[in-house]
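This report goes through one structure, from a single helix to the whole chain. Please keep the sequence and the coordinates at hand while reading.

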Amino acid sequence: SIAKHLGRDYPVGQIVWARYAASLVPIGLYAAGAGRLRTMWATRRPDLQVARAAFVLLSTYLVFAALKSIALAHVTSIIFISPILVALLAVMLLGETMTTLRWVAVLLGFAGALLIIRPGFEGFSWIMLMPLAAAFTRAAYVLTTRALGGFDDPFTTLLYSAVIGTAVSSVTLLFGWRSPDAIGGALMALLGLLGAVSHFMMIRAYALAPSSALAPFTYAELAWSVFFGIVLFGEHPDAATLAGVAIIIASGMIVIRTGR
């Protein structure tokens, strides 16, 4: 919601940079206070750390860019086909098996996304493909987060994502910068703080519990996106969007239940 609000006045690259740069502050303060400025860099899988940071950064760009033109609930709901994509990628990359029920759930999930995107109908915009692409990158970084849970400390993963994200997004500042006012600067700082705290919680959760146990809680984000969209931006989802959201949640829950 903060990113969508900032998108009215600031370039996407600047918002992404602020999200990562501001998150370095609480991470650095923690590392300094705990005496871990050097040890936090130690990783057993630098390849996975770089890959995961790249997936997170690309996902952030796609989502923030989409939010400039698309309703918050639309973007969030389309992204939430990612649990279904995780199941597909697990088959291709990890050799897991897919039951008939899971294939039905996958098809249902894509049908729900298409109901929200509505390609070929009035109101469709190619920008809607951005959150669809973000769903793939989100699925990729969930899988790499899972993989890293058995190797590195969550703060190490958080640090690599923040440093790489800040470094790469700094390049985009050459193509657009607007000096923020007091409110804009405060919101950018808050965006980074919330990003760091929530990201750490997600990393820690996937290290402690299986994704099938965690996934139902993530669907609360859909309800919050609809709520904030209505309250903050006056975005009232239509019946087709709500139906698509319901189908995506149902398909995701099928995937979760069959994975237990």
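In this predicted model, the buried residues of helix α4 are L72, A73, H74, V75, T76, S77, I78 and I79. Helix α4 runs from residue 72 to residue 79, and eight of its eight residues are buried, so the helix is largely enclosed by the rest of the structure.

**Nonpolar cores**

V75 appears again in the description of the nonpolar packing. The largest nonpolar core has 52 residues, and L6, I15, V63, F64, L67, V75 and I81 are the ones with the most contacts inside it. Helix α3, residues 46-67, gives the most to this core, with seven residues. A second core, separate from this one, has eight residues, including I27, A31, M40 and L159.

What does F64 touch, not counting residues up to four places away in sequence? The contacts of F64 are A3, V12, I15, V16, R19 and L191.

**Helix α8**

Helix α8 covers residues 154-172. At 1.5 Å a residue, its 19 residues should span 27 Å, and the end C-alpha atoms are 28 Å apart, which agrees. The N-terminal end of α8 is capped by D153, with a side-chain oxygen of D153 placed 2.7 Å from the backbone nitrogen of F155.

The buried residues in α8 are P154, F155, T156, T157, L158, L159, Y160, S161, A162, G165, T166 and S169. These buried residues pack against α2 (12-33), α3, α7 (129-148) and α9 (182-208). An α-helix has 3.6 residues a turn, so residues three or four places apart point the same way.

T166 can be followed in more detail. This residue sits in helix α8 and counts as buried because its relative accessibility is 12%, against a cut-off of under 20%. Leaving aside neighbours within four places in sequence, T166 is in contact with W17, Y20, A21 and L24. A polar atom of the T166 side chain lies 3.4 Å from the backbone nitrogen of A21.

**Salt bridges**

Side chains of opposite charge can pair when their charged atoms come close. The structure holds four salt bridges, and the table lists three pairs among them.

| Pair | Closest N to O distance |
|---|---|
| K4 and E235 | 3.3 Å |
| D153 and R36 | 3.6 Å |
| D47 and R45 | 2.9 Å |

Are K4 and E235 buried or exposed? Both K4 and E235 are buried. K4 lies in helix α1 (residues 2-6) and E235 in the loop between α11 and α12 (239-258), so this pair ties together parts that are 231 residues apart in sequence.

D153, the cap of α8, also takes part in the salt bridge with R36. The D153 and R36 pair links distant parts of the chain, 117 residues apart: D153 is in the loop between α7 and α8, and R36 is in the loop between α2 and α3. D153 counts as partly exposed, because its relative accessibility is 32%. R36 is buried, with a relative accessible area of 19%, which falls under the 20% cut-off.

In the pair of D47 and R45, D47 is partly exposed, with a relative accessible area of 44%. R45 also counts as partly exposed, at 26% relative accessibility.

**Helix α11**

F227 is placed in helix α11, residues 220-233. How exposed is F227? With a relative accessible area of 43%, F227 is partly exposed. F227 and G192 are 35 residues apart along the chain, and their C-alpha atoms are separated by 22 Å.

**The chain as a whole**

The secondary structure of the protein chain comes to twelve helices and zero strands. Of the 260 residues in the chain, buried residues make up 46%. Among contacts with a separation of 6 or more, 88% are between residues 24 or more positions apart.

The C-alpha atoms fill a box of roughly 50 × 40 × 30 Å along the principal axes. For 260 residues, a compact globule would have a radius of gyration near 18 Å, and the protein chain has 18 Å, which agrees.

Conventions: Residues numbered from 1 in each chain as written. Predicted model: local features only at pLDDT ≥ 70, side-chain atom pairs only at ≥ 80, totals over all residues. Heavy atoms only, no water. Core = buried A, V, L, I, M, F, W, Y, C linked by side-chain atoms within 4.5 Å. Buried < 20%, exposed > 50% of the residue type's maximum accessible area, 1.4 Å probe, protein only. Helix = DSSP H or I, 4+ residues; strand = E, 2+ residues; numbered from the N terminus. Contact = heavy atoms within 4.5 Å. Expected span 1.5 Å × (residues − 1). Polar contact = N/O pair within 3.5 Å; in protein donor to acceptor, adjacent residues only side chain to side chain. Salt bridge = Lys/Arg side-chain N within 4 Å of Asp/Glu carboxyl O. Rg over C-alpha atoms; globule rule 2.2 N^0.38 Å.
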